[in-house]
Amino acid sequence: MNGVISQIMGPVVDVDFDGYLPAINEALETSIERNGVNERLVLEVAFQLGDSRVRTIAMDMSEGLVRGQE
């Protein structure tokens, strides 16, 4: 399952999916570059917004995430 980040509002991150929609409280994982090092960032699904979109909460700082990132 791959999603694409569609909106970032501080620690709140919306992710679009094609087909499969993750369940509430499911953990999603992406990577983020900090100080030249790729680090893992976990996003927890808080809401299913419909239209194949979920709203997540970042478990760490979301600085460096960009729209369109998988």
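This section describes the strands, salt bridges and selected contacts of a predicted model.

Confidence in the prediction was examined across the protein. The mean pLDDT is 93. A value of 70 or more is reached by 100% of the residues. Among the parts of the protein, β3 has the lowest confidence, with a mean of 91. Confidence is highest in β5, at 97.

The fold was then traced strand by strand. Five strands make up an open sheet. Their order across the sheet is β1-β2-β5-β4-β3, and the pairing is antiparallel. Strands β1 (3–9) and β3 (27–34) lie at the edges. Each of these two pairs on one side only. On average, neighbouring strands of the sheet are turned by 35° against each other, direction ignored.

Strand β5 pairs with β2 and with β4. On one side, β5 (residues 53–58) runs antiparallel to β2 (residues 12–17), and five bridges join the two. Within this pairing, Val15 faces Val54 of β5 as its opposite residue. Val13 has Thr56 of β5 as its bridge partner. On the other side, six bridges connect β5 to β4, again in antiparallel fashion. Here Thr56 is the bridge partner of Val45. Thr56 is thus a bridge partner of both Val13 and Val45.

Strands β4 and β5 are also linked in sequence as a hairpin, with two residues between them. Asp51 sits in this turn and has a positive phi of about 50°.

Strand β4 (residues 37–50) pairs with the edge strand β3 as well. Eight bridges join these two antiparallel strands. Ser31 stands opposite Arg40 of β4. The strands β3 and β4 form a hairpin, again with two residues between the strands. Asn35 in this hairpin adopts a positive phi near 55°.

The two faces of the strands were compared next. In a regular strand, side chains alternate between the two faces of the sheet. On β3, the covered face carries Leu28, Thr30, Ile32 and Arg34. The uncovered face of β3 carries Ala27, Glu29, Ser31 and Glu33. On β5, Val54, Thr56 and Ala58 form the covered face. Arg53, Arg55 and Ile57 form the uncovered face of β5.

Charged side chains were examined for pairing. Side chains of opposite charge can pair when their charged atoms come close. The count comes to five salt bridges. One of them joins Asp14 and Arg55, with N and O 2.7 Å apart. Asp14 belongs to β2 and Arg55 to β5, so this pair ties together parts that are 41 residues apart in sequence. Asp14 is buried, at a relative accessible area of 1%. Arg55 is partly exposed, at 25% relative accessibility.

A salt bridge also links Asp16 and Arg53, whose closest N and O atoms are 2.6 Å apart. Asp16 lies in β2 and Arg53 in β5, so the pair connects parts that are 37 residues apart in sequence. Asp16 is partly exposed, at 26% relative accessibility. Arg53 is partly exposed as well, with a relative accessible area of 29%.

Arg34, on the covered face of β3, forms a salt bridge with Glu39. The closest N and O atoms of Arg34 and Glu39 are 3.1 Å apart. Arg34 is buried, because its relative accessible area of 14% falls under the 20% cut-off. Glu39 is partly exposed, with a relative accessible area of 32%. Salt bridges with shared partners join Arg34, Glu39 and Asp60 into one network.

The segment after β5 was inspected last. Ser62 is found in this segment. At 12% relative accessibility, Ser62 counts as buried. A polar atom of the Ser62 side chain lies 2.5 Å from the backbone oxygen of Gly10. Leaving aside residues up to four places away in sequence, Ser62 touches Ile8, Gly10, Pro11, Ile32, Arg34 and Leu41. Of these contacts, Ile32 and Arg34 belong to the covered face of β3. Ser62 therefore touches a residue, Arg34, that also takes part in the network with Glu39 and Asp60.

Note on methods: Residues numbered from 1 in each chain as written. Predicted model: local features only at pLDDT ≥ 70, side-chain atom pairs only at ≥ 80, totals over all residues. Heavy atoms only, no water. Pairing = 2+ DSSP bridges. Helix = DSSP H or I, 4+ residues; strand = E, 2+ residues; numbered from the N terminus. Axes fitted to C-alpha atoms, helices over the stretch in contact; angles between N-to-C directions. pLDDT = per-residue confidence, 0-100. Salt bridge = Lys/Arg side-chain N within 4 Å of Asp/Glu carboxyl O. Buried < 20%, exposed > 50% of the residue type's maximum accessible area, 1.4 Å probe, protein only. Polar contact = N/O pair within 3.5 Å; in protein donor to acceptor, adjacent residues only side chain to side chain. Contact = heavy atoms within 4.5 Å.
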